[in-house]
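Work through the exercises below with the sequence and the model side by side. Try each task before reading its solution.

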Amino acid sequence: MEPHRIPSVPDSMYYIPNFISEEEETSILNKIPQNHWITLTHRRLQAVPAKLTATNTLITSTPLPPYLTSPILPRFTDLDIFSGAPHGVNHCLINEYLPGQGIMPHEDGAAYHPVVATVSLGGTVVLDVVEKGCEGARKWRILQEPRSLLVTMGEAYTETLHGIQEVREDCDLNAETVANWGLLGDREVFVASGGVNERTTRISLTYRDVKKVSTIGSKIFGRGKT
Ligand SMILES: O=C(O)CCC(=O)C(=O)O
């Protein structure tokens with residue numbers, strides 16, 4: 001992963017452009033079930049295989065569906081991304097953002113093993129990362145291109161917040177303002193546009209390992225239904 005490390009951010013964030021191909025991106029987008037969306041005020045989402053409970057437990061007997069695992073999870077294994085996680089990867093949040101939509105700065109927290117891997121589909125977006133707490137905290141901008149992978153772990157996971165501004169354009173994108181500029185797949189797009197990214201619909205797949213897992217509840221619910 002060393003060649004993919006984003007310089008200047010806390011240890012460790014990694015960016016890999018073209019992690020999946022255009023064909024793989026289209027195939028995943030076509031397989032996302034359209035009747036499972038939960039609509040929030042500023043985006044819509046699907047928690048797969050299930051939402052966590054109030055005690056941050058994943059209650060399920062269903063693994064991630066094949067369209068979310070192949071070809072992505074074997075590539076995580078090749079890169080050793082979740083090698084220290086108790087269950088490997090057992091959860092994926094699918095977020096959809098229309099132009100002008102975003103997500104408030106937040107941390108992913110202790111419910112998960114402290115590694116998150118995000119695959120971007122569709123549009124390009126800037127993820128804002130900010131040090132927790134103190135005034136005058138350091139900030140970074142991470143540009144996420146379609147089909148890219150962003151991995152956050154270690155201090156970057158525990159000591160920073162991340163969010164996406166609710167704007168229709170990301171502006172002022174250049175080598176000085178974008179932390180992963182040198183790692184981008186196609187910088188020329190942003191040079192040609194004068195440093196502007198016009199937002200289009202973006203879907204992100206955020207893969208994690210939920211620490212607390214139970215299959216008991218789902219077995220009881222399953223039996224109850226039959
Ligand atoms: O869409 C993204 O890249 C960020 C998603 C996110 O922050 C989250 O799922 O917690």
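**Exercise 1. Start at one strand pair.** Find the bridge partner of Val126 in β9, then describe the pairing of the two strands.

*Solution.* The partner of Val126 is Leu143, in β9. Next, count the bridges: β8 (residues 125-131) and β9 share six, in the antiparallel sense. Two strands pair when DSSP finds at least two bridges between them. Strands are DSSP runs of E with at least two residues, helices are runs of H or I with at least four, and both are numbered from the N terminus.

Before going on, note the ground rules. The model is predicted, so local features need pLDDT of at least 70 and side-chain atom pairs count only at pLDDT 80 or more, while totals for chains, interfaces and linings use all residues. Residues are numbered from 1 along each chain as its sequence is written, and side-chain values use heavy atoms, with hydrogens and water left out.

**Exercise 2. Place that pair in its sheet.** Give the strand order of the open sheet of four strands.

*Solution.* The order is β6-β11-β8-β9, with antiparallel pairing. Now look at the ends: β6 (103-106) and β9 (139-144) each have a single partner strand, so one side of each lacks a neighbour in the sheet. From one strand to the next, the twist averages 20°. Angles run from 0 to 180 degrees between N-to-C directions, and axes are lines fitted to C-alpha atoms, for helices over the stretch in contact.

**Exercise 3. Trace the sheet of seven strands.** Which strands stand at its edges?

*Solution.* Write the order: β1-β10-β7-β14-β5-β3-β2, an open sheet with antiparallel pairing. The edge strands are β1 (13-16) and β2 (38-39), each paired on one side only.

Take the β1 end. Four bridges join β1 to β10, running antiparallel. Tyr14 has Val151 of β10 as its bridge partner. Met13 and Tyr15 point one way from β1, Tyr14 and Ile16 the other, and all are buried (under 20% relative accessible area; exposed is over 50%, partly exposed in between; 1.4 Å probe, protein chains only).

Take the β2 end. β2 and β3 form a hairpin with four residues between them. Two bridges join this antiparallel pair, and Ile38 has Leu45 as its bridge partner in β3. On to β5 (residues 91-97): five bridges tie it to β3, again antiparallel. Ala47 has Leu93 as its bridge partner there. Four of the five residues of β3 are buried, so the rest of the structure largely encloses this strand.

**Exercise 4. Add a helix.** Which strands does helix α1 lie across?

*Solution.* Helix α1 (residues 22-31) lies across β7 (115-122) and β14 (202-208), at about 95° to β7. Helix α3 (residues 72-79) also packs on the sheet, touching β1, β7, β10 (149-153) and β14 (contact means heavy atoms within 4.5 Å). The direction of α3 makes about 55° with that of β14.

**Exercise 5. Examine the largest pocket.** Which residues lie closest to its centre?

*Solution.* The largest pocket holds about 560 Å³ of space. On a 1 Å grid over the protein atoms alone, a pocket is an open set of points with protein on both sides within 12 Å along at least five of seven lines; lining residues have an atom within 4 Å of a point. Grid points are joined across faces, edges and corners, and a volume is the space filled by probe spheres set on the points. Of 33 lining residues, the closest to the centre are Leu93, His106, Asp108, His162 and Arg208.

Key. 1 Å grid on protein atoms, 1.4 Å probe; cavity = no way out; pocket = protein on both sides within 12 Å on 5 of 7 lines; lining within 4 Å.
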